[in-house]
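Trainee: Could you take me slowly through one small part of this protein and then show me how that part sits within the rest of the chain? I would like a careful answer that I can follow with the model in front of me.

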Amino acid sequence: MTKRLGFNFHNIDTVVGHCHQCDEESILVAIVTEYYRCTNCGADTKQHINGKISYIRLSESDKEWLRKNGREEKR
Ligand SMILES: [Zn+2]
């Protein structure tokens, strides 16, 4: 099993959404499923679907999850 690391550029997922951090409509890039990063200000958000799609601020448990699952940026 290979470990899942950061971005997969072959299947990159971008959406346009409203970022809570910079308060702009901007392009959000998927980090991992459901988690997106704003290309405008760099904030991480979580996709939340509840009738309509919105992007919400990460909770501490979300950040912890990301640390374990998708944020191992090896450079
Ligand atoms: Zn932003």
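Mentor: Let us begin with a definition: strands here are DSSP runs of E at least two residues long, and they are numbered from the N terminus. Please keep in mind throughout that this is a predicted model. The residue I suggest we look at is A43, which is found in the loop between β3, residues 35-38, and β4, residues 44-50.

Is A43 buried, partly exposed or exposed? A residue counts as buried if 20 or more other C-beta atoms lie within 10 Å of its own, and as exposed if 12 or fewer do. Because A43 has 17 other C-beta atoms within 10 Å, it is partly exposed.

Which residues does A43 touch, once its neighbours within four places in sequence are left aside? The contacts of A43 are then C19, Q21 and C38. The C-alpha atom of A43 is also 8.3 Å from that of C22, although these two residues are 21 residues apart along the chain.

One of these partners, C19, leads us to the core. Not counting residues up to four places away in sequence, C19 touches a number of residues, including L28, C38, A43 and Y55. The largest nonpolar core has 6 residues, namely C19, L28, Y35, Y36, C38 and Y55, and β3 gives the most to this core, with 3 residues. Two contacts of A43, C19 and C38, are therefore members of a set that, by definition, is made of buried residues.

Now let us widen the view to the strands on either side of the loop. β3 and β4 pair in the antiparallel sense over 3 bridges, and the bridge partner of Y35 in β4 is K46. Their hairpin has 5 residues between the strands, and among them G42 takes a positive phi near 85°.

On its other side, β3 is joined to β2 by 4 bridges, and these two strands also run antiparallel; here the bridge partner of V29 in β3 is R37. The hairpin of β2 and β3 has 2 residues between the strands, and E34 in the turn has a positive phi of about 80°. Most residues other than glycine have a negative phi, and so the value at E34, a residue other than glycine, deserves your attention. With 13 C-beta neighbours inside 10 Å, E34 counts as partly exposed.

A positive phi in a residue other than glycine appears again at D23, where phi is near 60°. D23 is found in the loop between β1, residues 14-18, and β2, residues 25-32, and it counts as exposed because it has 10 C-beta neighbours inside 10 Å.

Following β4 onward, we reach β5, residues 52-57, which runs antiparallel to β4 and is joined to it by 6 bridges. H48 has S54 as its bridge partner in β5. In the hairpin that β4 and β5 form, there is 1 residue between the strands, and G51 in the turn has a positive phi of about 85°.

Finally, step back to the whole protein, which has 1 helix and 5 strands, following the pattern β-β-β-β-β-α along the sequence. Buried residues make up 11% of its 75 residues. Among contacts with a separation of 6 or more, 27% come from residues 24 or more positions apart.

Notes. Residues are numbered from 1 along each chain as its sequence is written. This is a predicted model: local features need pLDDT of at least 70, side-chain atom pairs count only at pLDDT 80 or more; totals for chains, interfaces and linings use all residues. Two residues are in contact if their C-beta atoms, placed from the backbone, lie within 7 Å. A nonpolar core is a set of buried Ala, Val, Leu, Ile, Met, Phe, Trp, Tyr and Cys residues joined through C-beta atoms within 7 Å. Two strands pair if DSSP finds at least two bridges between them.
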